[in-house]
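Colleague: I have a model open and would like to go through a few spots in it with you. Could we take it slowly, as I am new to this?

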Amino acid sequence: MAEELLRLTNIHKSFAGVHALRGVDIVIEPGKIHCLVGENGCGKSTLIKIIAGVYERDQGDIMIRGKSYPQLHPIDAIRAGIQVIYQDFSLFPNLTVAENIALNEELAEGRRLVSWRHVREIAQEALAKIDVKIPLNARVEEVSVANKQLIAISKALLNNARLIIMDEPTSALTEREIRSLLEIIHGLQEQGIAFLFVSHKLNEVLAVSEKMIVMRNGRIVSTGDAEEYDTARLIFEMTGQKIAQRSYRFTPEEGSTPLLRASNLKADETLNDVSFDLYKGEIVGVTGLLGSGRTELALALFGMLPLDAGHIEVEGKAAKIDSVQKAVAAGIGYVPEDRLTEGLFLEQAIGNNIVVRTIDQLRGALGLTSPAQVNGEITEWVDRLRIKTPDPDLPVKTLSGGNQQRVVLAKWLASSPKIMVLNGPTVGVDIGSKNELHDLIKQLAGEGMGLLVISDDIPELLQTCNRILLLRDGRIVDVILPEATTENELAAKLIEE
Amino acid sequence: MNRILRSNEALVAITIVFLCLFIGLRNPVFFTVGNLFDLLRSSIVMGIFAMGVLIVIISGGIDVSFTAIAVFALYATTKLLLAFSPEAPIIVAFVIAALIGLGLGLINAFFIARFKLPTLIVTLGTLSMFHGFLLFAIGNQTIRRDVPPALTSFARSTLLTVPQTRGVANLHPGILITIGVVIFVWLLLSYTMLGRSIYALGGSREAAERAGFNIARIQYFIYGFVGLISGIAGMTFGSLARQANPQDMVGTELSVIAAVVLGGAQLTGGRGTVIGTLLGVILVVIANNSLILIGVPSVWQRVVIGIIILVGTGAPAIQAKRAGNAAFGLAE
């Protein structure tokens with residue numbers, strides 16, 4: 001027990017009467033990778049901010065390396081070696097790599113004038129610590145997300161970090177980048193630096209962590225060595241309920257025409273000879289690494305990526321889909337990966353977002369809409385998809401991720417498409433609502449819709465799809481049946497070279 | 001090397017060279033020392049203004065009130081001198097104008113830093129307010145013949161005299177003010193933490209806050225400084241024109257902003273250089289003054305400037321978009 005980097009005892013925190021943290025105890029050990037998981041709103045971010053000194057606790061004790069801090073200000077936390085890397089990395093896109101790394105150090109030194117040689121020296125030293133090479137004179141906006149993350153880490157190390165807290169560290173990284181990030185992290189571990197990952201992406205979390213800390217409703221509900229946990233147990237601890245994981249089975253009727261038939265699709269470098277069928281009532285998964293062509297396939301089906309060759313048939317009839325309008329006319333709907341910028345009018349009311357695609361059909365004789373009819377339509381969809389809101393007149397941005405995704409779905413379902421392409425349908429959604437969304441997808445398939453689910457969330461694919469197409473370099477390299485595989489097997493196939 | 005050639009500065013510099021060659025080949029007067037001195041004289045005020053605008057744009061803001069500040073400072077200073085000390089040396093006039101400009105700039109800063117209002121809204125408001133207040137409360141008559149004598153003698157002074165085939169060409173010492181401001185702003189932006197904090201603020205306000213920069217203090221500096229040098233620019237304008245006309249300058253703010261944007265500063269903030277801005281100013285000044293030498297009627301000059309701005313700012317944007325699209329295909 002002599003070796004403790006950080007110990008929190010009985011931490012409480014309330015905001016305007018809401019009890020966000022209710023007696024949290026955690027211990028962080030030096031040189032270990034810890035992982036803090038929990039659903040959105042469970043108190044993860046509040047806890048991090050208390051550790052970083054951004055929020056003041058109401059009650060409880062914080063010990064950093066044996067020293068008690070009755071009051072912990074951000075500067076104390078930094079001096080004690082605690083560094084937080086936020087999801088957006090807090091970098092300046094317009095400044096060079098070197099300046100981004102050195103800026104905090106220069107501020108801390110209280111400099112008024114800039115010595116560019118000093119800036120370069122600081123940056124070189126920082127990058128040497130993690131043994132990576134990034135062009136120092138490149139602007140940060142020109143480097144990859146993975147490099148941005150490394151810049152953020154090297155910046156943290158400059159301040160003699162002993163604990164690096166990373167918020168959603170692996171989102172937006174490809175598998176390969178994650179692996180090299182982990183190598184660097186393992187190197188730092190050997191120097192005794194501890195990490196605390198905060199995440200809700202379960203399979204990655206399990207793969208890298210040594211210690212698990214699970215939060216639910218402001219309490220730590222479970223801690224222990226990572227080997228003791230599997231996905232099922234984590235989900236149980238995080239949600240407090242057993243969520244049944246059953247796969248979706250489907251066999252097309254003998255001799256029926258496929259709802260969608262794609263033959264030899266080819267586009268630039270991104271799609272190469274892609275052919276598949278999608279039947280009524282089927283849920284077909286599409287997976288692959290970033291850059292494998294999975295998003296391009298969706299864009300091609302929705303008329304946003306011009307095809308160089310190949311053709312598409314909808315219900316046995318050739319469909320020339322070269323614009324979004326034609327895709328919609330053919331009965332294809334698309335829920336984009338980035339629902340915030342591509343799928344929703346965030347500032348607009350929930351109701352307006354739902355009827356935006358069908359407003360023409362709701363017009364009366366004079367070309368005017370009747371509020372009663374529009375509201376009827378809105379209420380129907382809010383009920384059917386169980387969108388949790390006190391009032392559909394509120395802007396969409398007031399909703400949680402899962403509910404926003406339902407609004408996007410409602411928008412499309414209102415125009416009754418035959419085929420839905422869902423790109424990352426549960427990215428950034430809680431496990432509880434994720435499951436409800438999966439049920440909804442299965443229900444839609446049961447009603448005769450054909451769905452294409454594009455995802456790199458392996459449990460999600462196994463739970464919802466009856467068939468999974470594996471893409472690599474723009475080609476379908478494998479077709480996998482969920483009942484004939486396991487999570488690990490599929491994960492291994494995904495990253496195979 | 002490729003990167004240097006594709007940079008905005010290079011693009012503007014090449015445009016300037018071609019424009020000069022084009023004009024000069026058709027009318028050799030363009031290549032005389034006299035014309036060069038004229039162009040420099042015309043760049044004096046716009047050059048000072050542009051440095052202020054550059055700083056604001058880098059910080060991610062915009063200021064359209066600087067011309068009102070300039071004319072306010074010029075007119076109020078002239079009135080003050082006439083009333084209290086008509087014989088004061090020219091330096092006193094500049095100090096008073098700079099202080100008036102600083103005060104007005106701090107009013108902008110107050111609204112922007114304290115209430116976090118959008119900078120365009122605040123400065124559109126103060127543009128009207130400052131100018132309106134000037135006309136209503138201080139005066140609306142042009143002071144022409146009876147300007148303080150220091151102004152008149154400054155207007156007539158020369159830094160350099162070069163004999164020409166007909167008469168002599170004189171270079172006005174006002175150019176030294178511009179050069180001073182340019183060097184100061186360049187040092188500020190490149191070699192001080194304050195300057196870097198302006199770039200940081202324009203790059204990402206949130207990250208700047210987290211890094212521990214005092215945003216309000218930076219904004220007070222930015223808008224105060226723009227006010228200060230606008231006051232100096234206003235006084236310079238008046239002493240070149242030997243008059244204080246309360247209707248002068250206001251309305252020219254967009255062409256200064258255009259020159260700065262042409263020089264590569266981006267209205268989204270975080271980007272812009274002193275060199276680029278100077279090139280932008282030179283290009284606009286040449287287009288303004290020299291098209292007449294090749295027989296382009298003055299009404300057409302504005303059209304030509306408009307085209308230069310559209311092409312000059314449009315070409316890099318289209319280039320960036322193409323590069324972005326290419327990356328999109330690769331990185332998904």
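**A residue, an interface and a pair of domains**

Modeller: Let us start with Ile307(B), which counts as partly exposed because its relative accessibility is 48%. Please keep in mind as we go that this is a predicted model.

Colleague: Where does Ile307(B) sit in chain B?

Modeller: Ile307(B) has its place in helix 14 of chain B, the helix that covers residues 298–331. If you go from there to Phe221(B), you cross 86 residues in sequence, and the C-alpha atoms of the two residues are 35 Å apart in space.

Colleague: And Ala98(B), is that one buried or exposed, and why?

Modeller: Ala98(B) counts as buried, because its relative accessibility is 9% and the cut-off for buried is under 20%. This residue belongs to helix 5 of chain B, which covers residues 90–115.

Colleague: Which residues is Ala98(B) in contact with, leaving aside its neighbours within four places in sequence?

Modeller: With those neighbours set aside, Ala98(B) is in contact with Leu228(B), Gly231(B) and Ile232(B). In the case of Leu228(B), the two residues are 130 places apart along the chain, while their C-alpha atoms are separated by 4.7 Å.

Colleague: Switching to the interface, how many residues of chain B and chain A are in contact?

Modeller: On the side of chain B there are 23 residues, and they are in contact with 31 residues of chain A. Between them the two chains bury about 2100 Å², of which 56% is on carbon and sulfur atoms.

Colleague: Why give an area for an interface?

Modeller: The size of an interface is often given as the accessible area lost when the parts come together.

Colleague: OK, and how many salt bridges are there across it?

Modeller: The rule finds two salt bridges across the interface of chain B and chain A. One of them joins the side chains of Arg196(B) and Glu99(A), at 2.5 Å from N to O. There are also seven residue pairs in polar contact between the two chains, counting pairs with both residues at pLDDT 80 or more.

Colleague: Which elements of chain B give two or more residues to that side?

Modeller: Those are helix 8 (174–191), helix 9 (193–203), helix 10 (205–211) and helix 14 of chain B. Helix 9 of chain B gives the most, with six residues. By type, the residues on this side of chain B divide into eleven nonpolar, six polar and six charged.

Colleague: Last one: what domains does chain A have?

Modeller: The domain assignment of chain A gives domain 1 (6–239) and domain 2 (260–495). Taken over C-alpha atoms, the centres of these two domains of chain A are separated by 34 Å.

Technical notes: Residues are numbered from 1 along each chain as its sequence is written. Chains are lettered from A and ligands numbered from 1 in the order in which they are written. This is a predicted model: local features need pLDDT of at least 70, side-chain atom pairs count only at pLDDT 80 or more; totals for chains, interfaces and linings use all residues. Side-chain values use heavy atoms; hydrogens and water are left out. Helices (H or I, at least four residues) and strands (E, at least two) are DSSP runs, numbered from the N terminus. Buried means under 20% relative accessible area, exposed over 50%, partly exposed in between (1.4 Å probe, protein chains only). Contact means heavy atoms within 4.5 Å. Buried area is the accessible area (1.4 Å probe) that two parts lose on being put together, summed over both. A salt bridge is a side-chain nitrogen of Lys or Arg within 4 Å of a carboxyl oxygen of Asp or Glu. A polar contact is a pair of N or O atoms within 3.5 Å; within protein, one must be able to donate a hydrogen and the other to accept it, and residues adjacent in sequence count only if both atoms are side-chain atoms. Ala, Val, Leu, Ile, Met, Phe, Trp, Tyr, Cys and Pro count as nonpolar, Asp, Glu, Lys and Arg as charged, and the others, Gly among them, as polar. Domain bounds come from an automatic or database domain assignment.
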